[in-house]
Amino acid sequence: MLAGLLALAAPATATLFVWVDEEGHTHVTDDPSALPGEGAGTPAEQAPGLWDRKVVGPSAPRPVPTRARSREEERVQRLLRGAVDDLRRGESARASATLEGVLRLEPGRAEAHWYLALLDRQRGRLDASEAHLRTFLAHAGERFEAWRASAERRLGVLEDERSLAEAQAAAGPLRFVALESPHFRIRYEERLGEASADFAHTVVRYLEEARALVSERLGVAPRESTRVVLYGKAAYLSAHRHRFSFPTVGFFDGRIHVVSAAHPAGELRALLFHEFTHAAFREHTGGDRPFWLNEGLAELSERASRHQEPLTRSERVALHRRVEAGAWIPLRRLSEGFGGLDEAAARVAYLQATATARWLEEHTDVARRTRLLADLGAGRSADAALRRAVGLDTDGLDAAVRQSIEREFPQAGT
């Protein structure tokens, strides 16, 4: 077992930029003036990127004079710009459908293959991601020469992920590396650190950023070191799949348990933000109830880690349809947990919890949110704690959230 002590050089609240130079060395800076110019190595990626959950890639095509383009080219350009805009808003499903539509019109369109490669990697579809990256390289031409090095690097990352999965499938008992930092006690699978030399430093940085955000938004942080365990996907499923009726990639049971890629990026960062929020919630309430509040706050933290809005328009539309159809899950039903829900219902429950937590954020300041958690920790009921925070009990809050959704879509069919 290896134990180490890591300190972060940059403040957890700083905006970090990551770039790779022409020799393949990775650089991290919080100074935008230190970034390379266009054409200097791999284009700079503000962390986290879409591979890391933010839009990073070739710019959407600029309009060209009408005489110089066909109607089909004009349509492709419009679709690509729309897809990139959707990605920036977090509407990944709609962006994916649009990009697939672009490829039906123009199968070799490099930009569409680039963004689909990133989306597929984000979803764990390694083979599809590799195929899109290789097609991108085949059709990039001089226009996207600056992105070739990044595409090659990402292909190497995919190969590392496959190697990790194959090694885990054939492995015996798990071996963990132990690591300590000022606020965390960490254990991670030995193989996770073999592919990435800065694995440990990256994990600690993500955790410190999560701690800073939760402290800022809720006014609380665990008083003792938080314990964290990181697994490769195969090992996580083997150890914990039996716990849940729907797919998960992380949970908190007094320790944060999460799936990690061999090269930690935005997916892991988002997971750690989510699960650290659960840790802070339990520390200050003594439990996980009301579950909708616990999960809603964690979802907001996760989305903030991606620089994503709390709820996308398509998600708000989906919630509005649930209200209209009388299929809204009562908040009281979600107070004790999401257990017994199938995958589709669980997704709805998370959206409702996120919408309700967002409503609370919009109607309280940090001091009230801190007091809400303290009241729950002091043994007050959820109804009593909510009345002190916003003057509503659980049912009243449920109605207020539904009304806010209905006001946003006043006419049926919008």
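A cavity is a set of grid points where a 1.4 Å probe fits but cannot get out. This predicted model holds two cavities of 30 Å³ or more. The largest cavity contains about 80 Å³ of space. Rolling a probe the size of a water molecule over the atoms shows where empty space is left.

Start with the whole protein. The secondary structure comes to 15 helices and eight strands. The protein has 414 residues, and buried residues make up 50% of them. Its exposed surface is about 19500 Å², with carbon and sulfur atoms supplying 48% of that area. Now take the contacts with a separation of 6 or more. Residues 24 or more positions apart account for 65% of them.

Next, look inside. The largest nonpolar core has 64 residues. Four of these touch the most other members: Ile186, Tyr188, Leu230 and Trp292. Helix α7, residues 199-218, gives this core its largest share, ten residues. Apart from this core lies another one, of 27 residues. Val76, Leu119, Phe136 and Ala151 are among its members.

Ile186 deserves a closer look. Leave aside its neighbours within four places in sequence. Ile186 is then in contact with Val177, Ala178 and Leu179. Its contacts also include Val203, Val204 and Leu207. Val228 and Leu230 complete the list.

Move on to helix α8, residues 233-240. Its buried residues are Ala235, Tyr236 and His240. Seen down the axis of α8, these buried residues fall within an arc of 100 degrees, so they line one face of the helix. An α-helix has 3.6 residues a turn, so residues three or four places apart point the same way.

Tyr236 is found in this helix, α8. Is Tyr236 buried or exposed? Its relative accessibility is 1%, so Tyr236 counts as buried; the limit for buried is under 20%. What does Tyr236 touch, not counting residues up to four places away in sequence? The list includes Tyr231, Arg241, Phe244 and Thr248. Val249, Gly250 and Phe251 are on it as well. So are His257, Val258 and Val259. Tyr236 and His257 are 21 residues apart in sequence. In space they are 8.4 Å apart, C-alpha to C-alpha.

Continue along the chain to Pro290. This residue lies in the loop between α9 (266-285) and α10. The peptide bond from Arg289 to Pro290 is cis, with omega near 0 degrees. His307 sits in another loop, between α10 and α11 (313-324). Phi of His307 is positive, near 60 degrees, and the residue is not a glycine. Most residues other than glycine have a negative phi, and most peptide bonds are trans. Because its relative accessible area is 46%, His307 counts as partly exposed.

Helix α11 holds Arg322. Its relative accessibility is 27%, so Arg322 counts as partly exposed. Not counting residues up to four places away in sequence, Arg322 touches Ala327, Trp328, Ile329 and Val348. Arg322 and Val348 are 26 residues apart in sequence, and 8.8 Å separate their C-alpha atoms.

Helix α14 covers residues 382-390. Which of its residues are buried? They are Asp383, Ala385, Leu386, Ala389 and Val390. These buried residues cover an arc of only 165 degrees around the axis, which puts them on the same side of α14. What covers them includes α10 (291-305) and α12 (343-362). The cover also includes α13 (366-377) and α15 (394-408). After α14 comes Gly391, whose phi is positive, near 75 degrees.

Now return to the largest cavity. Which helices each supply at least two residues of its lining? They are α10, α12 and α13. Among the lining residues are Leu218, Leu293 and Leu297. The lining also includes Ala357, Leu360, Glu361 and Thr364. Arg369, Leu372 and Leu373 belong to it too. So does Ala389, one of the buried residues of α14.

How values were computed:
Residues are numbered from 1 along each chain as its sequence is written. This is a predicted model: local features need pLDDT of at least 70, side-chain atom pairs count only at pLDDT 80 or more; totals for chains, interfaces and linings use all residues. Side-chain values use heavy atoms; hydrogens and water are left out. A nonpolar core is a set of buried Ala, Val, Leu, Ile, Met, Phe, Trp, Tyr and Cys residues joined through side-chain atoms within 4.5 Å. Buried means under 20% relative accessible area, exposed over 50%, partly exposed in between (1.4 Å probe, protein chains only). Helices (H or I, at least four residues) and strands (E, at least two) are DSSP runs, numbered from the N terminus. Contact means heavy atoms within 4.5 Å. The arc is that of the directions from the helix axis to the C-beta atoms. Accessible areas come from the Shrake-Rupley method with a 1.4 Å probe; for residues, only the protein chains shown count as cover. On a 1 Å grid over the protein atoms alone, a cavity is a set of points where a 1.4 Å probe fits but cannot get out, and a pocket is an open set with protein on both sides within 12 Å along at least five of seven lines; lining residues have an atom within 4 Å of a point. Grid points are joined across faces, edges and corners, and a volume is the space filled by probe spheres set on the points.
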